[in-house]
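The following exercises ask the student to read a structure step by step. Each task is followed by a worked solution.

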Amino acid sequence: MCSTSPVAPVGAEPAEPYTVRLAPGVTAFVQPDGGWCLNNAGIVTGGGRTALIDTTATVRRAQLLRDAVTEAGAPLPTTIVNTHHHGDHTYGNCVFPEATVVGHEECRRQTLAAGLQLHGIWPDVEYGDVRVTPAEVTYADTLALHVGDTEIRLIHPGPAHTTGDTIAWLPEQRVVFTGDLVFNGGTPFLLMGSLAGSLHSLKVLRELDAETVVPGHGPVTDPGAYDVLERYFHWLQDLARTEHAAGRTPLEAARAADLGEFAALHESERLVANLHRAYAELEGRPLGEPLDLPTVLGDMTTMNGGRTMICHA
């Protein structure tokens, strides 16, 4: 079964991060409540070396991740894998100057292009002295990393959450770190990716036959999480086709939509962003083609009752 994460009340501070041991030498670093900018990371240790899978949105939280490594008696990381370019997964790279950052070639390009993008969206967050640190080692399709005897197989599924996503698959441990291809308890977010590609990414994930799934946001789960996402994406496709044919804007469609079972997913304002992406694909635009960010953010703010989305990072 796919568990869901609790949502912190408006104005409440989320709980501090915690770790989950998944296999010998493999740990998930989970940041509740999994909402905006509260992502998960991974710690993989073996043979006297450590690799991280993603970092965090702020220097303070990256330091908590660094502390989690040292408190476990593991060496400081010499490798960081970024599952995509968004700042909640990459801003903390700079707290690990001893590490080489690895990511898809599009992840590097987008990290440099985005810069300190989160600062513009949430200017009041105390990010700390963030220095943009893009991938220094890039790949196109697949890449194998070895941390002692542990293989981390990096797989690019094509455009999905972004155009530069990476799946980090540990075949021996049957653990997969999905990045934001999977939200557990939260609404998926396709603004910078693809609806069709997100459905394809689920096919890629299912073929791995993982036992443990570490989502980009929300509690550690199992492959049952894919079922919820698949139903959501098909529902979104149907909604977009109907509303686009009727001439309604993404905002009009989102405000009138009956969320049904998906009303339980938090960050429901993402629906309008997802409809913008679905409309673009219906119009034959390339998968992952950039959309107008201020317009989409404005629509999400409207969907959120006229308030900027809450970032607790």
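**Exercise 1. Determine how many salt bridges the model holds, and describe the one between glutamate 16 and arginine 60.**

Solution. The model is a predicted one.

Step 1. The count comes to 12 salt bridges. Side chains of opposite charge can pair when their charged atoms come close.

Step 2. Glutamate 16 and arginine 60 are joined by their side chains at 3.3 Å, N to O. This distance is within the cut-off of 4 Å, so the pair counts as a salt bridge.

Step 3. Glutamate 16 belongs to the segment before strand 1 (18–23), whereas arginine 60 belongs to helix 1 (residues 59–71). The two residues are 44 residues apart, and the pair links distant parts of the chain.

Step 4. The relative accessible area of glutamate 16 is 41%, so this residue is partly exposed. Arginine 60, with 43%, is partly exposed.

**Exercise 2. Explain where glutamate 207 and lysine 203 lie in helix 5, and state how accessible each residue is.**

Solution.

Step 1. A salt bridge joins the side chains of glutamate 207 and lysine 203, with 2.8 Å from N to O.

Step 2. Both residues lie in helix 5 (residues 195–208). They are 4 residues apart, and therefore about one helical turn separates them.

Step 3. Glutamate 207 has a relative accessibility of 56%; this is over 50%, so glutamate 207 counts as exposed. Lysine 203 has a relative accessible area of 48% and is partly exposed.

**Exercise 3. Describe the salt bridge between arginine 285 and glutamate 289, and name the residues that shared partners join into one network.**

Solution.

Step 1. The side chains of arginine 285 and glutamate 289 meet at 2.5 Å, N to O.

Step 2. Arginine 285 is partly exposed at 32% relative accessible area, and glutamate 289 is partly exposed at 27%.

Step 3. Arg206, Asp227 and Glu230 are joined into one network by salt bridges that share partners.

**Exercise 4. Classify the aromatic pair of tyrosine 91 and tyrosine 127 from the angle between the ring planes.**

Solution.

Step 1. The structure holds 7 aromatic pairs. In the pair of tyrosine 91 and tyrosine 127, the ring centres are 5.7 Å apart and the planes stand at 75°. An angle over 60 degrees counts as edge-to-face, so this pair is edge-to-face.

Step 2. Tyrosine 91 is found in the loop between helix 2 (87–90) and strand 6 (100–104), and tyrosine 127 in the loop between helix 4 (117–121) and strand 7 (137–139). The pair therefore ties together parts that are 36 residues apart in sequence.

Step 3. Tyrosine 91 has a relative accessible area of 4% and is buried; tyrosine 127 is buried at 3%.

Step 4. A further edge-to-face pair is formed by tyrosine 232 and phenylalanine 262, with 5.3 Å centre to centre and 85° between the planes. Tyrosine 232 lies in helix 6 (residues 224–245) and phenylalanine 262 in the loop between helix 7 (250–256) and helix 8 (270–282), so parts 30 residues apart in sequence are tied together. Both residues are buried. Together with Phe233 and Trp235, Tyr232 and Phe262 form one aromatic cluster.

**Exercise 5. State which aromatic residues have arginine 270 over the face of their ring.**

Solution. Arginine 270 lies over the face of tryptophan 36, 4.1 Å from the ring centre. Arginine 270 also lies over the face of phenylalanine 189, at 5.7 Å from the ring centre.

**Exercise 6. Identify the element that gives the most residues to the largest nonpolar core.**

Solution.

Step 1. The largest nonpolar core has 57 residues, and those touching the most other members are Trp122, Ile167, Val176, Leu205, Leu271 and Leu275.

Step 2. Elements that give two or more residues to this core include strand 10 (167–170), strand 11 (175–183) and helix 9 (293–303). Helix 6 gives the most, with 9 residues.

Step 3. Leucine 205 touches Ile167, Val176, Thr178, Leu181, Val182 and Tyr226, when residues up to four places away in sequence are not counted.

Step 4. A second, separate core has 20 residues, among them Leu22, Val44, Ile53 and Val147.

**Exercise 7. Judge the compactness of the protein chain from its radius of gyration.**

Solution.

Step 1. The protein chain has 9 helices and 12 strands.

Step 2. The radius of gyration of the protein chain is 18 Å, close to the 20 Å that the globule rule gives for 313 residues; the chain is therefore as compact as a globular protein of that length.

Step 3. Of the 313 residues, 58% count as buried.

Notes. Residues numbered from 1 in each chain as written. Predicted model: local features only at pLDDT ≥ 70, side-chain atom pairs only at ≥ 80, totals over all residues. Heavy atoms only, no water. Buried < 20%, exposed > 50% of the residue type's maximum accessible area, 1.4 Å probe, protein only. Phe/Tyr/Trp six-rings, centres within 6.5 Å; stacked < 30°, edge-to-face > 60°. Lys NZ or Arg CZ within 6 Å of the ring centre and 35° of its normal. Core = buried A, V, L, I, M, F, W, Y, C linked by side-chain atoms within 4.5 Å. Contact = heavy atoms within 4.5 Å. Rg over C-alpha atoms; globule rule 2.2 N^0.38 Å.
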